[in-house]
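Please look through the sequence and the model before reading on. The paragraphs below go from the whole chain to single side chains.

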Amino acid sequence: MDRRLLMLLIAGAVIASLTLWRVTRPPRPAPQMGEAPTVQSGEIAIPPSFELPDQQGNLVKFERYRSRQGVVVVFFRADLPASADPSLDWLRKHYDSVKKAGYEVIGISTQTGATIRNSADKEGQDWPFPMLNDIHLRSPEPAPVHHLWQMIDATTGELKQGTILVDQSGHTSYLNGSPRPLDQPLVELKQLFASDEP
């Protein structure tokens, strides 16, 4: 048998077996809504999706924001007014700069919408971005998004504060398998949004 013909037959058999393997291989399951990806420290990945009610009671889907622009996600304390959080306060004052840079802001806490609205009324300044209540009626777990994004102290079970940046491609950096909060939020936010104001 001619050597070239033999090589052609072997190549055809390899291609046929690879094609058969690819066709019969079960598909990888797509990540489900609200599922956290498995990511190593230092890697970047798309953070988990969620939906929560805002301060007006409207359901907000994180996917809607993440797919259109960058997002600054601020987890803030429920036992203090939202304006007491330095990141939220700065972002509210410089919201126009943040929007011009192609970013949206979302605040998340277990604080109720009524509490957030009452505080804003007392201060005479509303929030220009969604302030979400992390209590979901369809989830048996308290603070489901805090758990999903691992913004919970594993030892004490207390909710963590933090500012997480999701870039304009919809990705964020991870540390120990969870989205990594900014180390120095105010410094990094001022650098990112190039504000001349304090």
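What follows covers the chain as a whole, then one helix, then charged side chains.

The model is predicted. The average pLDDT of the protein chain is 84, and 82% of the residues score at least 70. Residues 26-33 have a pLDDT below 50, and this stretch has 1 contact in the model beyond near neighbours in sequence. The placement of that stretch is not discussed further here.

The protein chain contains 7 helices and 9 strands. It has 198 residues, of which 37% count as buried. Among contacts with a separation of 6 or more, 68% join residues 24 or more positions apart. The accessible surface is about 12000 Å², and carbon and sulfur atoms contribute 55% of this area.

Helix H3 comes next. H3 spans residues 86-93. At its N-terminal end, Asp85 acts as a cap, with a side-chain oxygen 3.0 Å from the backbone nitrogen of Ser87. Within H3, the buried residues include Ser87, Leu88, Trp90 and Leu91.

Arg92 also lies in H3. Is this arginine, Arg92, buried or exposed? Arg92 counts as buried because its relative accessible area is 7%, which falls under the 20% cut-off. A polar atom of the Arg92 side chain lies 2.9 Å from the backbone oxygen of Gln125. Leaving out residues up to four places away in sequence, Arg92 touches Ser83, Glu123, Gln125, Asp126, Trp127, Pro128 and Phe129.

The same helix, H3, holds Asp89 and Lys93, which are 4 residues apart. Their side chains meet in a salt bridge, with an N to O distance of 3.0 Å. Why can these two positions face each other? An α-helix has 3.6 residues a turn, so residues three or four places apart point the same way. Asp89 and Lys93 are separated by about one helical turn. Lys93 counts as exposed, with a relative accessibility of 54%.

The structure holds 6 salt bridges. Side chains of opposite charge can pair when their charged atoms come close. Another of these pairs is Asp79 with Arg77, whose closest N and O atoms are 2.6 Å apart. Asp79 is exposed at 56% relative accessibility, whereas Arg77 is partly exposed at 36%. Lys99 and Glu104 form a further salt bridge, at 3.2 Å from N to O. Lys99 is partly exposed, at 38% relative accessibility. Glu104 has a relative accessible area of 5% and is therefore buried.

Asp54 presents another case. Asp54 sits in the loop between strand S2 (51-53) and strand S3 (59-61). What is the nearest side chain of opposite charge to the buried Asp54, and how far away is it? It is Arg117, at 7.0 Å, and Asp54 has no salt bridge. Why does Arg117 not count as a partner? A salt bridge requires a side-chain nitrogen of Lys or Arg within 4 Å of a carboxyl oxygen of Asp or Glu, and Arg117 is 7.0 Å from Asp54.

The Asp54 side chain instead reaches a backbone atom, the nitrogen of Gln56, at 2.9 Å. Apart from residues up to four places away in sequence, Asp54 touches Val60, Pro130, Met131 and Leu132. Asp54 and Arg92 are thus both buried charged residues with a side-chain contact to the backbone: Asp54 is buried and reaches the nitrogen of Gln56, while Arg92 is buried and has a polar side-chain atom 2.9 Å from the oxygen of Gln125.

Note on methods: Residues are numbered from 1 along each chain as its sequence is written. This is a predicted model: local features need pLDDT of at least 70, side-chain atom pairs count only at pLDDT 80 or more; totals for chains, interfaces and linings use all residues. Side-chain values use heavy atoms; hydrogens and water are left out. pLDDT is the predictor's confidence in each residue, from 0 to 100. Contact means heavy atoms within 4.5 Å. Helices (H or I, at least four residues) and strands (E, at least two) are DSSP runs, numbered from the N terminus. Buried means under 20% relative accessible area, exposed over 50%, partly exposed in between (1.4 Å probe, protein chains only). Accessible areas come from the Shrake-Rupley method with a 1.4 Å probe; for residues, only the protein chains shown count as cover. Lys and Arg count as positive and Asp and Glu as negative; His and the chain ends are not counted. A polar contact is a pair of N or O atoms within 3.5 Å; within protein, one must be able to donate a hydrogen and the other to accept it, and residues adjacent in sequence count only if both atoms are side-chain atoms.
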